[in-house]
Structures are given as structure tokens and as C-alpha cells.
Amino acid sequence: MKINTKRLHENIQRYAQIGNVGEIGVERIALSDEDKAARDLLKSQMLQAGLEVHVDEVGNMIGLRKGKKDVPAVAIGSHLDTVYQGGRYDGALGVLAGLEVIETLDDQSIETEKPIALINFTNEEGVNYAPDMMGSHAFAQLGDLNEILSSLSYDDPTKTVDSELRRIGYKGEMKCGAFGVDSFLELHIEQGPVLELEEIDIGAVEMVQGIFWTRYKITGQANHAGTTPIHLRKDAGYAASEAVKFIGDLSRKEGTKLLTTVGTIAFEPNAINIVPQTATFTVDARCVDAEVLKQSQNEIDEFIEDMVKKHGLRLEREEMVRFDPVQLDVRVAGLIEKEAKNLNLSVKRMPSGAGHDAQMMASICPTAMIFVPSVNGISHNINEYTKDLDVENGANVLLNAALTLTKA
Ligand code: HGY
Ligand code: MN
Ligand code: MN
């Protein structure tokens, strides 16, 4: 069975206009007006497709297509929010291909044994409210709901997840965890170079690497750039740059699988002729090996604490996110492999470098992911692109794998 490719591409194009940036980019930050607009469009399309629409208390949107049996649903979906200056496929592909699966089943008047549920998870990216994978984390009841609802916007600390969910009209009634799921499939762009380099059509993802996000604030003393002798300075900026170099060097050691990124750094008062009073920066660290990840957190903390002491500065540390590597379901990954081969597509088992809602769903039901190639391996970038044929291949594998799971 195949999807309606024209309808899917038109829909991807339509959503890409909501928060579009440049030629093909999209910026649709979670809980923003753009996120609301995309949610409203998805809700109207879910209703048009005859789905029973639920919104839970963290704004996850669930569209239920009933089946012959009243049992937990086969869930398909991803997220509509993006990073700043992001792409049109990261997340949206999984949600819109999921909608296409449902519309294709309707076209062919297929009533499935088990129900199918299309899910749009809230704030997968976490670029303005921590943690990332927030909606799926709450859906799987993995964290403290009140902590999530009171998470403050990095941009404007007067805003919380709860206040913004209410503002955009997506603070739902359904309790997190109330919606039963039988299994979960997520179609997603690879966001890396592997499939393209190896000229493989489909990735059957069987694990997601671990991740932690930590924020450090180093405090020294603002002073005059021209009159303050170097040895008398309490230069938070200089200290932070030593830390950034150390963090970067950790993931450049021969043979390590560790990835570290300092993606944000801010000085205060941030003036050309003032020794920085404070330097605030974040670390994003990832690894397939939980031990290596833990070890790297300890090494980074130790280095920064020693360095701050050496310079006579002050340190504040905030752990924002910590998720261990997650093994996905090998049976579901095997099904993805089988359906890809049935469609004469090349396929390989692989880990995911990026975090995904699937890694949260894996804790409550058999879960795996379908990857399609990213051109030049680029993502989290306005030039993120996946070829039309790869979009279609991924959606067809999602359709057939979901259908098989409804019979299983
Ligand atoms: O950061 C990630 O890996 C994902 O894009 N949220
Ligand atoms: Mn994503
Ligand atoms: Mn992303």
C-alpha cells in the first residue's frame, strides 16, 4: 500500500509557511503563536479526518482513529515545534506523514483491528523551556508534572509552560498517562550524514543515545578593561573560555564516542571595555555509552570547579536535562526493516544521534523509529532538506509498519 504523495508534499509545504524563515526554513518555537497556528491547523485536519481529538494537560494533541477493537492504539507521530532558525522536516515530517497514513486508510475505507492514534508532542526541542522531549516525557509519566508546567521560558522568565499553554488554548483536560498506547512508531529525518553517505533509503532505529544539558554561571567582577592589571582581574569571560576549550577537547579525544557542544554563552554586562562580571553557558553532551556520559559530566564539573577556585570566582550550576541511552524495541525495528525490504528499499539498523519523543515512549510501549536521509546531513539549520522521494519512502514504510502493528 502507498500514500498519496501529492497530498503529503502539499501538506508539508503548507505547514512550512507557518513560521517560515528564508527559502525553506521554519522557526516555530514551542508555545509560540506560530506553534498555536500549526496546532490549530492540525486540529482542523484531525477533525476533518473524523478523528476523536484529545489534548492532555501538557498540550500533547492526540487524534484517535477507532478500530474494530476497543484496545490501546498503535501510536504514530512526532512534534510540530522547531528550534530557532530550524527546518521544515524535523518533527513535522513524523506528524504529517502520520496524518497521511490515516487519510490513506480512509481513502481505501480500511478499518483496522486496533485503533491508530496520531500524536503531536509538546515542546520536543526544549530550546525555550527545559526539558526537551517535554510532552512525551509527561505523556510517559517519567517526570514531575508540576515541575514541567512551571518550567520558565529562557527568553522571558515571566512565562511558564502552564501560562503559555493556557494562552494558546492548549492546556487540555486529559490526564497524562490516561491514553493507552499499544506501540509507537516515529518517522523522522536522520539529521546526520550516515544514510546519505552509505546511499541507504531507510534507517531502522534501534537505540537513542544518552544526553545531558547543564548550565553554568561563573561570577567574577566587572572592571575597567584599561586600568585593571591582569593579575588583579576576576575575569568571568576568560574563565568561561577555558571551560569551553576543555569541554570541546573532551569530545575531540582520539576514538571517543562522546559529543559535546557549548551552544549558548552570554557575558554580562557584555561591553567591549568591561571585564565580564558573569559568563553563563550551557553544555549539551551526548553518547551511546551511559558510563562515558556520566564520566564526562564529572570531568567537566571537576575542571570548572577547580578553575573557578583558581581564579577566585563564584560558580552556579543547573542540571537541565539528563536522559540515559535508550534501547528501542528490536521487534518493531525488525518490522521496519521488513516493510522497507517489501517496498524494495535499502535499509540499515542504526542508532539515533539526536534525541526524540520515541526515547520517552519506549518506556511505556514497544517503540522504534524510521529514519530518512538528510541532504548533506544538515539539520537544526534553515537549509535542512530531505528529497521528496525519501519523504515518500519514509511515509510508505510508516504506513505499512503501522498497518501491520494494528493486526499484531
Ligand atoms: O536535541 C535534540 O537532539 C532534538 O532535536 N531535540
Ligand atoms: Mn525532532
Ligand atoms: Mn530537533
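Is C365 buried or exposed? In this predicted model, C365 is buried, with a relative accessible area of 7%. The tour returns to this cysteine after the metal site and the ligand.

**Stop 1: the manganese ion (ligand 2)**

Select ligand 2 and display the side chains around the ion. The protein donors of this manganese ion are H79 (NE2), D90 (OD) and H188 (NE2), at 2.1 to 2.3 Å. Read along the chain, these donor residues have the spacing H-x10-D-x97-H. D90 belongs to the loop between strand 5 and helix 3, whereas H188 sits in strand 7 (residues 181–189), so the pair ties together parts 98 residues apart in sequence. Colour these two residues by accessibility: H188 is buried, with a relative accessible area of 1%, and D90 is also buried, at 5%.

**Stop 2: the bridge to the manganese ion (ligand 3)**

Keep D90 selected and add ligand 3 to the view. D90 bridges the manganese ion (ligand 2) and the manganese ion (ligand 3), and the two ions lie 3.5 Å apart. Which protein atoms serve as donors of the manganese ion (ligand 3)? They are D90 (OD), E125 (OE), E125 (OE) and H380 (NE2), lying 2.1 to 2.6 Å from the ion. E125 thus appears twice in the donor list. The spacing of the donors along the chain is D-x34-E-x254-H. Within this set, D90 and H380 link distant parts of the chain, 290 residues apart. D90 is in the loop between strand 5 (73–79) and helix 3 (92–107), and H380 is in the loop between strand 18 (367–372) and helix 12 (388–407). In contrast to the buried D90, H380 counts as partly exposed, with 43% relative accessibility.

**Stop 3: ligand 1**

Next, select ligand 1 together with its surrounding residues. These are E124, E125, R286, A354, G355 and H380. By class, the shell comprises one nonpolar, two polar and three charged residues. E125 and H380, already met as donors of the manganese ion (ligand 3), are part of this shell.

Three distances to oxygen atoms of ligand 1 can be displayed in turn:

- G355 places a backbone N or O atom 2.7 Å from an oxygen atom of ligand 1.
- E125 has a side-chain N or O atom 3.0 Å from an oxygen atom of ligand 1.
- H380 has a side-chain N or O atom 3.1 Å from an oxygen atom of ligand 1.

On its own, ligand 1 has 210 Å² of accessible area, and the protein covers 96% of this.

**Stop 4: the cysteines**

Select the cysteine sulfur atoms. How many disulfides are counted in the model? The count is zero. For C365, the closest cysteine sulfur is that of C176, at 15 Å, too far for a bond. C365 is buried at 7% relative accessible area, and C287 is likewise buried, at 0%.

**Stop 5: two buried loop residues**

Move to T228, in the loop between strand 10 (223–224) and helix 8 (236–250). T228 is buried, with a relative accessible area of 9%. Its side chain makes a polar contact of 3.1 Å with the side chain of N223.

Then centre on D357, which lies in the loop between strand 17 (347–352) and helix 11 (358–361). D357 counts as buried, at 0% relative accessibility. To see its relation to M369, 12 residues away along the chain, draw the distance between the two C-alpha atoms, which is 9.9 Å.

**Stop 6: backbone geometry**

Most residues other than glycine have a negative phi, and most peptide bonds are trans. The following sites are worth selecting with that background.

Where are the cis peptide bonds listed on this tour? One runs from A130 to P131, with omega near 0°; P131 is placed in the loop between strand 6 (116–121) and helix 4 (134–139). Another runs from E268 to P269, again with omega near 0°; P269 is in the loop between strand 12 (265–268) and strand 13 (274–275).

Finally, select Q85 and Q141. Q85 has a positive phi of about 50° although it is not a glycine. Q85 is in the loop between strand 5 and helix 3, where D90 is also found, and counts as partly exposed at 42% relative accessibility. Q141 has a positive phi near 55° and is placed in the loop between helix 4 and helix 5 (145–149). At 54% relative accessibility, Q141 counts as exposed.

Conventions: Residues numbered from 1 in each chain as written. Chains lettered and ligands numbered in written order. Predicted model: local features only at pLDDT ≥ 70, side-chain atom pairs only at ≥ 80, totals over all residues. Heavy atoms only, no water. Donors = N, O, S within 2.8 Å, 3.2 Å for Na, K, Ca; no water. Helix = DSSP H or I, 4+ residues; strand = E, 2+ residues; numbered from the N terminus. Buried < 20%, exposed > 50% of the residue type's maximum accessible area, 1.4 Å probe, protein only. Near = heavy atom within 4 Å. Polar contact = N/O pair within 3.5 Å; in protein donor to acceptor, adjacent residues only side chain to side chain. Areas by Shrake-Rupley, 256 points an atom, 1.4 Å probe, with all protein chains shown as cover. Nonpolar A, V, L, I, M, F, W, Y, C, P; charged D, E, K, R; others polar. Disulfide = S-S within 2.5 Å.
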